[in-house]
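Subject: The structure we talked about

Hi there,

Here is the structure I promised to send over. Please open it alongside this email, and my notes will follow below.

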Amino acid sequence: LAERHVTNDELLDRAIRFVHLLNSCVYKNTYRRRGKKLDCVMTVEGERSCKDLHCHFAFSKPHIMTAREFNELVKKALAMSDDFCMYSERTNAPQHKVDIADGEWMRYITKELDSKSFANLHLP
């Protein structure tokens, strides 16, 4: 089994697919038929800092559901996509973090953006 790092374009394609799956889980037919979708900001990080490429997302949680319900749908979309798996070294179980996005989170996810170019900022 050989592993390789994904390219920026591959990561972006996978991230957009995840957002599509999450929109389908949250809004079901309304997403497909009427285009209703989550407000989302996504950044790709790692190119400038020489880290592994990865994504950060900020979604607006729909008012119609609780944070717990939204978290469960994020888990479901992650499982459906099978593209984003982070494993805890201690438990070897898949993990992700869903939390309240505030101004600090927005500053954190945009820290690698160049003030003259927003190439790694996406609004899927």
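Below is what I found, going from the overall layout to single residues. Please keep in mind that this is a predicted model.

**Overall layout**

The chain has four helices and three strands. Read from the N terminus, the elements follow the order α-α-β-β-α-α-β. Of its 124 residues, 33% count as buried. The accessible surface is about 9000 Å², and carbon and sulfur atoms account for 51% of that. If you look at contacts with a separation of 6 or more, 61% of them link residues 24 or more positions apart.

**The sheet**

The three strands make an open sheet, ordered β2-β1-β3, with antiparallel pairing. At the edges are β2 and β3 (121-122), each of which pairs on one side only. As a reminder, strands of a sheet pair through backbone hydrogen bonds, in either a parallel or an antiparallel way. Between β1 and β3, which run antiparallel, there are two bridges. To see the partner of M42, go to β3, where its bridge leads to H122.

**The nonpolar core**

The largest nonpolar core contains 24 residues, and those with the most contacts inside it are F18, L22, V26, F57, F59 and F70. Two or more residues each come from α1 (8-27), β1, β2 (54-59) and α3 (67-81). Helix α1 gives the largest share, 10 residues.

L22 is a good place to start looking, and it lies in helix α1. With a relative accessible area of 0%, L22 is buried. Beyond its neighbours within four places in sequence, L22 is in contact with L38, F59, F70, L73, V74 and A77. One of these partners, F70, is 48 residues away from L22 in sequence, yet the C-alpha to C-alpha distance is 9.5 Å.

V26 is another of the core residues with the most contacts. Not counting residues up to four places away in sequence, V26 touches L38, P62, M65, F70 and L73.

**T43 in strand β1**

T43 sits in strand β1 (residues 40-45). Is T43 buried or exposed? Its relative accessibility is 1%, so T43 counts as buried. The side chain of T43 also reaches the backbone oxygen of I109, at 2.9 Å. Leaving out neighbours within four places in sequence, the residues in contact with T43 are H54, C55, H56, I109, T110, L113, N120 and L121.

**The cysteines**

You may be wondering about disulfides, so here is that part too. A disulfide is a covalent bond between the sulfur atoms of two cysteines. How many disulfides does the structure hold? The number is zero. Why is C40 without a bond to C55? The C55 sulfur is the closest cysteine sulfur to that of C40, but the two are 9.6 Å apart, which is too far for a bond. Seen from the other side, C55 is in no disulfide either, since the nearest cysteine sulfur is that of C40, at 9.6 Å. C40 counts as buried because its relative accessibility is 7%. C55 counts as buried too, because its relative accessibility is 16% and the cut-off for buried is under 20%.

Happy to go through any of this with you in front of the screen.

Best wishes

Conventions. Residues numbered from 1 in each chain as written. Predicted model: local features only at pLDDT ≥ 70, side-chain atom pairs only at ≥ 80, totals over all residues. Heavy atoms only, no water. Buried < 20%, exposed > 50% of the residue type's maximum accessible area, 1.4 Å probe, protein only. Polar contact = N/O pair within 3.5 Å; in protein donor to acceptor, adjacent residues only side chain to side chain. Contact = heavy atoms within 4.5 Å. Disulfide = S-S within 2.5 Å. Areas by Shrake-Rupley, 256 points an atom, 1.4 Å probe, with all protein chains shown as cover. Core = buried A, V, L, I, M, F, W, Y, C linked by side-chain atoms within 4.5 Å. Pairing = 2+ DSSP bridges.
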